[in-house]
Amino acid sequence: MNIANLFSLEGKVALVTGGSRNIGKWIAEGFIAQGAKVYISSRKADACDRAAEELGPNCIALPQDVSTVEGCKALAAALTEREPKLDILVNNAGAAWGEPFEVFPESGWDKVVDLNLKSPFFLTQALHGALKAAASPDRPAKVINITSIDGLRLNPWETYSYHASKAGLIYLTKRIAARLVSDHINVTSIAPGAFASDMNKAARDHGDTVAQRIPSGRIGVPEDLAATAVFLASRAGDYVVGETIAVDGGIVNALAGGSIDP
């Protein structure tokens, strides 16, 4: 058994949405380090181009807004013009919205649910053919949805549509996995906890305080997410189907009360 080869992505082609910064960029960097050719997509073309330049020649920018079905189809078309098959799809693009219950707006519902829940379904659907072209019984293709521990337990904030979308995506992961496993496509999800990012301002701006409430005693670092994504994307994760892995230092399963309010 060659353990090193279990985690190799040599020769694989990946697409990471929301890949220009934070979680998406960390995952893209991890894939590239393991030998993959990675396409990154984000709504802002300039940010996408800059990130691809930073990540090197094995990273290619494909800017696209995937908040609509049309955008998902356009990104799929752009990818398949360049590649005959897709080994790994990471549905990472997401949004959040927090506002009191009494005034929570429809726009805050639609924006978040469309991007966080609807888009992963329709982008996976649009890339189904490319994923099937890469898949085989010995080496399944992979779809990795980036969910959240907020889909597994409550946080202290009034992020109604975010909670609903991430909980929904965790269950959607199971539903799509049950269908696509027959095509030799494994669908899984990663539920990040407290990582310093533009979306998680508590961890970004109050990291030391947040860390005091995490069983592991620290907030997450990019390597924690990149390593989990590499595991699921590589041969090492070929027998994992429909599962959600919480990468959270124990917040979901080892924190009494479940809250990390700073």
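How many of the five residues of strand β2 (residues 37-41) are buried? Four of them are, and strand β2 is therefore described as mostly covered; buried means under 20% relative accessible area, exposed over 50%, and partly exposed in between (1.4 Å probe, protein chains only). The model is predicted, so local features need pLDDT of at least 70 and side-chain atom pairs count only at pLDDT 80 or more, while totals for chains, interfaces and linings use all residues. Residues are numbered from 1 along each chain as its sequence is written, and side-chain values use heavy atoms, with hydrogens and water left out.

**The whole chain**

Display the whole protein chain first. It has 11 helices and seven strands; helices (H or I, at least four residues) and strands (E, at least two) are DSSP runs, numbered from the N terminus. The C-alpha trace spans about 50 × 45 × 35 Å along its principal axes. The radius of gyration is 17 Å, which agrees with the value near 18 Å for a compact globule of 262 residues; the radius is taken over C-alpha atoms, and the globule rule is 2.2 Å times the number of residues to the power 0.38. Of the 262 residues, 52% are buried. Where contacts (heavy atoms within 4.5 Å) link residues at least 6 apart in sequence, 70% of them join residues at least 24 apart.

**Strands β1, β2 and β3**

Next, select strand β1 (residues 13-17) together with β2. The two pair in the parallel sense over five bridges; strands pair if DSSP finds at least two bridges between them. L15 stands opposite Y39 of β2. Between these strands the chain passes through α2, and this β-α-β crossover is right-handed: with the strands pointing away from the viewer, the path from the first strand over the helix to the second runs clockwise.

Add strand β3 (residues 59-61), which pairs with β2 in the parallel sense over three bridges. Here I60 is the bridge partner of Y39. The connection from β2 to β3 runs through helix α3 (residues 45-55), and this β-α-β crossover is right-handed.

**The aromatic pairs**

Now show the aromatic side chains. Rings of Phe, Tyr and Trp (its six-membered ring) pair if their centres lie within 6.5 Å; planes under 30 degrees apart count as stacked, over 60 as edge-to-face and the rest as tilted. By this rule there are four aromatic pairs. One of them is W26 with F195, a tilted pair at 6.1 Å centre to centre and 45° between the planes. Because W26 lies in helix α2 (residues 22-33) and F195 in the loop between β6 (185-192) and α8 (201-205), the pair ties together parts that are 169 residues apart in sequence. W26 is buried at 15% relative accessible area, and F195 is buried at 2%.

Move to F101 and Y160, an edge-to-face pair at 5.9 Å centre to centre, with 65° between the planes. F101 sits in the loop between β4 (88-91) and α5 (106-126) and Y160 in helix α7 (residues 160-180), so parts 59 residues apart in sequence are tied together. F101 is exposed at 59%, whereas Y160 is partly exposed at 32%. Select F104 as well: F101, F104 and Y160 form one aromatic cluster.

**The cysteines**

Finally, select C48 and C59. The structure holds zero disulfides, a disulfide being a pair of cysteine sulfur atoms within 2.5 Å. The cysteine sulfur closest to that of C48 is in C59, at 7.4 Å, which is too far for a bond. C48 is buried at 0% relative accessible area, and C59 is buried at 7%.
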